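Here are some notes to go with your first look at this model. Have it open beside you while you read.

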Amino acid sequence: MKWIRRLFTVLVLFAIVIAAAYYFGTNWLADKAMNEVTSQLETSGQLDSVKAELNSNPDVQSYLQDAKTADRSKLPIKTKEQATRAVLKKFSVSELAEMQKQAQSGMTAAEQQELLQKVESRLTPEELLSLKVLALDELSK
């Protein structure tokens, strides 16, 4: 009977360690990814031009229009860390890496539309609106 209790205790501790690693790991991953992308854009001098391009692009502005009037208190995702967790639940790391590679090498309008449809098909409307709000916040910095 003692060995069952010990086994149960070990399993519970193992589950706690895994949960903590997942929670803190996604926070670390979100910070690392944002810092890497930002530093790459800053060192290449493209950060301001990317922001200006996104702010002047009418398609992007119309896509983000509903985020400007969204009730932030009702959104399921409020932080970048929560956004990272939500996206990692819906997409694999390899899928995200492939999307980043496509975006960096340039995408046609058809490829952009295909990527947008893929994202919209996997995220709920509330999650998508939350991500739009976070993107709008980042663009306004």
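The points below start with the whole chain and then go residue by residue.

1. First, a caution: this is a predicted model. Local features are discussed only where pLDDT is at least 70, and side-chain atom pairs count only at pLDDT 80 or more.

2. What is the protein chain built from, helices or strands? There are 8 helices and 0 strands. Reading from the N terminus, the order of elements is simply α-α-α-α-α-α-α-α.

3. On overall dimensions, the C-alpha trace spans about 70 × 35 × 30 Å along its principal axes. The radius of gyration is 19 Å, whereas a compact globule of 141 residues would come in near 14 Å. Keep those two figures in mind as you turn the model around.

4. How much of the chain is buried? Buried residues make up 22% of the 141 residues. The accessible surface is about 10,200 Å², and carbon and sulfur atoms account for 62% of that surface.

5. Contacts do reach across the sequence. Take the contacts between residues at least 6 apart: 76% of them join residues at least 24 apart.

6. The charge count is easy to remember, with 18 positive and 18 negative side chains. The centres of the two sets lie 13 Å apart.

7. Now for helix α5, which covers residues 80–90. Its buried residues are Ala83, Thr84, Arg85, Ala86 and Val87. What caps the N-terminal end of this helix? Thr79 caps α5 there, with a side-chain oxygen 3.1 Å from the backbone nitrogen of Gln82.

8. Glu95 deserves a look. You will find Glu95 in helix α6, residues 93–105. Its side chain makes a polar contact of 2.8 Å with the side chain of Arg122. If you set aside neighbours within four places in sequence, Glu95 is in contact with Lys90, Lys118 and Arg122.

9. Glu127 makes a good companion to that point. Glu127 belongs to helix α8, residues 125–139. Is Glu127 buried or exposed? Glu127 counts as buried because its relative accessibility is 15%, and the cut-off for buried is under 20%. The side chain of Glu127 reaches the backbone nitrogen of Thr124 at 3.0 Å. Not counting residues up to four places away in sequence, Glu127 touches Pro76, Ile77, Lys90 and Arg122. So Lys90 and Arg122 turn up on the contact list of Glu127 and also on the one for Glu95.

10. Next, find Thr69, in the loop between α4 (65–68) and α5. Why does Thr69 count as exposed? Its relative accessibility is 66%, and exposed means over 50%. A polar atom of the Thr69 side chain lies 3.4 Å from the backbone oxygen of Asp66. For a sense of scale, Thr69 and Val10 are 59 residues apart in sequence and 49 Å apart in space, C-alpha to C-alpha.

11. Back in helix α6, Lys101 is another one to click on. Lys101 counts as exposed because its relative accessibility is 52%, and the threshold is over 50%. The C-alpha atoms of Lys101 and Thr69 are separated by 32 Å, and these residues are 32 apart along the chain.

12. Ala52 sits in helix α2, residues 47–56. With a relative accessible area of 43%, Ala52 is partly exposed. How far is Ala52 from Leu139? Their C-alpha atoms are separated by 8.9 Å, although their places lie 87 residues apart along the chain.

13. Last, Gly106 is in the loop between α6 and α7, where α7 runs 109–122. Gly106 is partly exposed, with a relative accessible area of 43%. Gly106 and Tyr23 are 83 residues apart along the chain, and their C-alpha atoms are separated by 33 Å. Try setting that pair beside Ala52 and Leu139, which are 87 residues apart with 8.9 Å between their C-alpha atoms.

Definitions and conventions. Residues are numbered from 1 along each chain as its sequence is written. Side-chain values use heavy atoms; hydrogens and water are left out. Helices (H or I, at least four residues) and strands (E, at least two) are DSSP runs, numbered from the N terminus. The radius of gyration is taken over C-alpha atoms; the globule rule is 2.2 Å times the number of residues to the power 0.38. Buried means under 20% relative accessible area, exposed over 50%, partly exposed in between (1.4 Å probe, protein chains only). Contact means heavy atoms within 4.5 Å. Accessible areas come from the Shrake-Rupley method with a 1.4 Å probe; for residues, only the protein chains shown count as cover. Lys and Arg count as positive and Asp and Glu as negative; His and the chain ends are not counted. The place of a charge is taken as NZ of Lys, CZ of Arg, CG of Asp or CD of Glu. A polar contact is a pair of N or O atoms within 3.5 Å; within protein, one must be able to donate a hydrogen and the other to accept it, and residues adjacent in sequence count only if both atoms are side-chain atoms.
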